[in-house]
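Good morning, everyone, and thank you for making time for this short talk. Please have a look at the structure on the screen, and then we will go through a few parts of it together.

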Amino acid sequence: MSFRRLVLPLMFIGLFACDLDEELREDLTQEEADAVFGSATEEDIEGLVRGVYTNFVVPFQDQSRFWAAQEHTGDLALGPTRGGDWDDGGVWRVLHDHTWSADHAFLGDTFSEILAIVFSATNALQFEASMTASQIAEVRFLRAFAIFAIADGWGQVPFRELGSDLTQPSEVLPGDEALSFVISEVEAVLTDLPEAPTNRANQDAGRVLLMKAYLNRGTFANRTSPQFPAADMDRVIALADQIEGYSLMPSYYGNFAPNNDVISTENIFTFENAPGVNRGGNTVRSRWFCTLHYNQNPSGWNGFATLSDFYDSFEEGDIRRYAETEAFTELGYNNGFLIGQQRDTEGTELLDRNGNPLAFTPEVALLESGGDLEVTGIRVMKYIPDVDNGDNIDNDAVVFRWADVMLMKAEALLRNGDAGTALGIVNEIRTARNATLFTELTLDNLLAERGRELYWEGWRRQDLIRFGRFLEPWQLKDASGEERLLFAIPADQVALNPNLDQNPGY
């Protein structure tokens with residue numbers, strides 16, 4: 001058996017159901033695995049590692065997967081049904097108003113696809129004898145990142161160590177045990193991770209993942225009454241202090257520009273996109289396609305919007321709400337949020353498909369009808385569209401950013417009683433974003449600030465749960481039951497693995 005013959009199914013395992021790893025591993029004896037170690041080239045091994053990264057594209061960049069699970073279930077994003085557009089069986093509406101069922105297709109796909117990353121990374125590690133210490137660390141970090149995401153959303157993580165009995169179902173780690181595994185894995189490989197680049201696993205990315213693990217440890221253990229031990233908060237602060245060399249961007253939107261891997265001084269870890277490289281699924285381009293109207297440039301899908309209550313939480317002058325940069329004005333609109341009459345690059349007023357003024361309104365409903373259904377809802381334009389490279393864009397998908405590190409450190413300080421130092425950190429961000437300074441810092445205005453700084457980046461659900469606000473009513477959503485703190489385990493996964501229990505309420 002040649003190495004190249006073996007590596008292809010391993011690289012593409014993320015495209016299929018997570019249990020295919022057992023079928024693949026049963027075909028591979030230990031003797032066969034040992035035999036290929038000696039014939040593996042550096043190019044082979046690098047291709048194997050790259051394959052694990054490739055498996056992140058759909059679950060972490062597509063608009064219907066983990067990003068939707070984090071943003072649409074929160075208080076700042078929604079996907080209205082617009083007549084015959086964007087219904088999809090109501091999958092978007094039920095995310096926002098917390099009425100999703102156990103058979104929600106996108107949530108089920110997200111669970112399976114992220115779990116496939118865990119198994120594909122574990123399979124890749126069977127070649128660790130041919131890997132460098134840095135490559136092993138990268139794969140273990142990526143696996144830990146995927147485990148963190150599953151534990152966050154579903155509270156149970158099927159997991160199989162190399163060498164385990166393939167005739168038995170995978171063991172299942174409860175959320176808090178899975179988080180302990182994440183912490184131990186990342187701590188173990190931290191110094192072996194490379195220092196750069198940002199679009200590969202790196203040491204600072206490891207530190208940020210550890211910060212999120214320690215900050216959320218009490219939540220994963222008890223989502224209804226989380227505790228935040230001082231020792232965990234101290235660890236968050238210490239890790240933040242180890243992250244050096246980053247600074248807040250004068251141009252906030254440069255962090256999301258087509259060449260953000262070059263110009264951003266804030267981005268710590270991103271998923272790489274590159275001109276001419278087809279990633280095999282919707283990339284972060286969906287962040288602008290899902291919100292722009294069909295008649296704008298570039299032509300969008302006219303779907304998602306933000307809520308007027310969230311929009312109104314920004315001050316006038318805050319560049320995160322409205323800014324004009326050359327990259328955007330050349331397209332005919334501004335950075336931030338699009339509201340009111342839209343124009344083309346010549347300043348001519350645009351129309352919707354029915355010939356009505358294309359003027360986005362603050363008013364929006366989950367189920368739209370009537371003549372204005374194409375224009376309801378304020379639109380979000382955080383990523384600068386790459387109009388030069390078609391589908392294969394140059395915008396890296398932002399995962400970890402320096403401003404998030406600052407806000408997590410401020411939160412840890414506040415929870416440990418040092419509100420003064422925390423206030424100074426948050427005001428540093430607000431100064432950079434042209435917002436007035438806070439006179440005091442509370443958990444309420446810190447959560448609101450995390451929303452204003454990190455909107456559309458995929459952290460809102462996690463933040464709302466940690467701050468105890470996820471079940472509260474908000475615009476177009478009534479109060480939720482405690483079962484909504486976790487998603488349902490897909491029925492096919494429960495049927496395949498008796499160690500999985502369906503989460504309460506489903």
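Leaving aside its neighbours within four places in sequence, which residues is Phe467 in contact with? Before I answer, please keep in mind that what you see is a predicted model. The residues in contact with Phe467, once those neighbours are set aside, are Glu411, Arg415, Leu443, Leu446, Leu447 and Arg450. Phe467 itself lies in the loop between helix H20 and helix H21, the latter made of residues 491-496, and with a relative accessible area of 13% Phe467 counts as buried, the cut-off being under 20%. If you would like a distance to go with this, Phe467 and Asp404 are 63 residues apart in sequence, and from C-alpha to C-alpha they are 16 Å apart in space.

Let me turn now to charged side chains. Side chains of opposite charge can pair when their charged atoms come close. In this model the count comes to 41 salt bridges, and I have picked out three of them.

The one I begin with is between Arg460 and Asp75, whose closest N and O atoms are 2.8 Å apart. This pair links distant parts of the chain, 385 residues apart, with Arg460 in helix H20 (residues 460-466) and Asp75 in the loop between helix H6 and strand S1. Both Arg460 and Asp75 are buried.

The next is between Lys382 and Glu457, where the closest N and O atoms are 2.6 Å apart. Here too distant parts of the chain are linked, since Lys382 sits in the loop between strands S10 and S11 while Glu457 sits in the loop between helices H19 and H20, 75 residues apart. Lys382 and Glu457 are both buried.

The last of my three joins Glu449 to Arg452, with 2.9 Å between the closest N and O atoms. Because these two residues are 3 residues apart in helix H19, about one helical turn separates Glu449 from Arg452, and both of them are buried. Salt bridges also link residues into a network, whose members include Lys382, Glu457, Glu449 and Arg452, along with others such as Glu266 and Arg320.

Now for a charged residue without such a partner: how far away is the nearest side chain of opposite charge to Glu368? That side chain belongs to Arg82 and is 5.3 Å away, so Glu368, although buried, has no salt bridge, for which the cut-off is 4 Å. Glu368 is found in strand S9, residues 367-368, and beyond four places in sequence the residues it touches are Pro80, Thr81, Arg82, Gly83, Leu373 and Thr376.

I would like to move on to empty space inside the model. There are 2 cavities of 30 Å³ or more, and the largest has a volume of about 260 Å³. Of the 20 residues that line this largest cavity, the closest to its centre are Phe60, Val398, Val399, Glu457 and Gly458, and you will recognise Glu457 from the salt bridge with Lys382. The largest share of the lining, 4 residues, comes from helix H9, while H5, H6, H9 and S11 each supply at least two residues.

Finally, please find helix H8, residues 105-124, which has 20 residues and reaches 28 Å from its first C-alpha to its last, close to the 28 Å expected. Of its 20 residues 18 are buried, so H8 is largely enclosed by the rest of the structure. Thank you for listening.

Definitions and conventions:
Residues numbered from 1 in each chain as written. Predicted model: local features only at pLDDT ≥ 70, side-chain atom pairs only at ≥ 80, totals over all residues. Heavy atoms only, no water. Buried < 20%, exposed > 50% of the residue type's maximum accessible area, 1.4 Å probe, protein only. Lys, Arg positive; Asp, Glu negative; His and termini not counted. Contact = heavy atoms within 4.5 Å. Expected span 1.5 Å × (residues − 1). 1 Å grid on protein atoms, 1.4 Å probe; cavity = no way out; pocket = protein on both sides within 12 Å on 5 of 7 lines; lining within 4 Å. Points joined across faces, edges and corners; volume = space filled by probe spheres on them.
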